[in-house]
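Trainee: I'd like to learn how to read a cavity and a buried residue in a model. Can you take me through it?

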Amino acid sequence: MKITRQKHAKKHLAFFRNNFGVREPYQILLDGTFCQAALRGRIQLRDQLPRYLMGETQLCTTRCVLKELETLGKELYGAKLIAQKFQVRNCPHFKGAVSGSECLLSMVDEGNPHHYFVATQDQNLSVKVKRSPGIPLMFIIQNTIVLDKPSPKTVAFVKAVESGQLVSVHEKQSIKQLKEEQGLVKNPEPRRRRKKKKGGPNPLSCLKKKKKPQDTKSPALEKKRKRKRIRNRSTQKVPSEQQGVEG
């Protein structure tokens with residue numbers, strides 16, 4: 001029975017490797033339900049998963065999964081202890097945690113570029129995972145780890161790629177890498193930034209206008225000056241009149 005399981009796992013791994021670029025170390029995203037099932041079945045995940053997949057593995061989870069296990073309380077305390085031993089991958093839910101199933105779906109979104117396996121006992125999550133091509137799915141049945149066969153959606157996608165109707169994500173990445181190696185991809189020229197004027201505003205224009213000094217002269221002095229002007233005018237008129245009489 002064990003040999004048959006490993007043969008099936010080897011066959012499924014070859015399918016995902018050839019068509020979607022899955023490679024070692026196999027990155028396996030685990031949720032709380034999978035950890036709980038492993039605890040009940042006394043399955044040592046760190047030992048049995050690499051042996052079953054016949055290759056190096058990286059067991060990982062997310063902050064949302066750990067948060068969910070923490071909120072569920074004592075019933076899943078053992079599963080939380082198991083999940084805490086794995087690598088914690090960054091998920092996009094920094095502002096607020098979401099459910100574990102929603103978080104794992106976001107991690108394999110957009111063609112599963114990081115080639116994650118999803119390990120879960122959640123039937124609803126499994127159905128959603130199978131709707132997207134190229135995501136290996138794992139579960140535990142009768143205290144035994146199983147790698148599920150490729151979903152009908154995945155098989156149909158591969159057939160469409162083989163017939164030339166679609167291009168897989170793995171092929172897109174390979175084509176892009178070949179173009180870069182051969183220098184066929186032109187790097188876009190960086191936009192030139194406009195230089196800012198170094199000169200600031202005219203310093204003279206920033207100076208405050210000087211206030212005109214107020215005339216502090218007293219009105220008494222002004223009257224004296226007026227009197228002097230009147231006297232001068234009168235003295236100038238007297239000699240002119242005398243000259244007229246003498247003539």
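Mentor: Sure. A cavity is a set of grid points where a 1.4 Å probe fits but cannot get out, and its lining residues have an atom within 4 Å of a point. Keep in mind that this model is predicted.

Trainee: How many cavities of 30 Å³ or more does the search find?

Mentor: The search covers the whole structure and turns up 1. The largest cavity holds about 60 Å³ of space.

Trainee: Which residues line the largest cavity?

Mentor: Phe16 is one of them, and so are Val129, Lys130, Ser132, Ile135, Pro136 and Leu137. The lining also includes Asp148, Lys149, Pro150, Ser151 and Thr154. Sorted by class, that lining has 6 nonpolar, 3 polar and 3 charged residues.

Trainee: Now for burial. Is Ala79 buried or exposed?

Mentor: Buried means under 20% relative accessible area. Ala79 has 0% relative accessibility, so Ala79 counts as buried. You'll find Ala79 in helix H5, which spans residues 77–83.

Trainee: And what does Ala79 touch, leaving out residues up to four places away in sequence?

Mentor: Ala79 touches Gly32, Cys35, Gln36, Leu39 and Leu69. Look at Arg40 too: Arg40 and Ala79 are 39 residues apart along the chain, with 9.5 Å between their C-alpha atoms.

Trainee: What percentage of the chain is buried?

Mentor: Of the 247 residues in the chain, 31% are buried. The chain has 11 helices and 6 strands. Take the contacts between residues at least 6 apart in sequence: 67% of those join residues at least 24 apart.

Notes:
Residues numbered from 1 in each chain as written. Predicted model: local features only at pLDDT ≥ 70, side-chain atom pairs only at ≥ 80, totals over all residues. Heavy atoms only, no water. 1 Å grid on protein atoms, 1.4 Å probe; cavity = no way out; pocket = protein on both sides within 12 Å on 5 of 7 lines; lining within 4 Å. Points joined across faces, edges and corners; volume = space filled by probe spheres on them. Nonpolar A, V, L, I, M, F, W, Y, C, P; charged D, E, K, R; others polar. Helix = DSSP H or I, 4+ residues; strand = E, 2+ residues; numbered from the N terminus. Buried < 20%, exposed > 50% of the residue type's maximum accessible area, 1.4 Å probe, protein only. Contact = heavy atoms within 4.5 Å.
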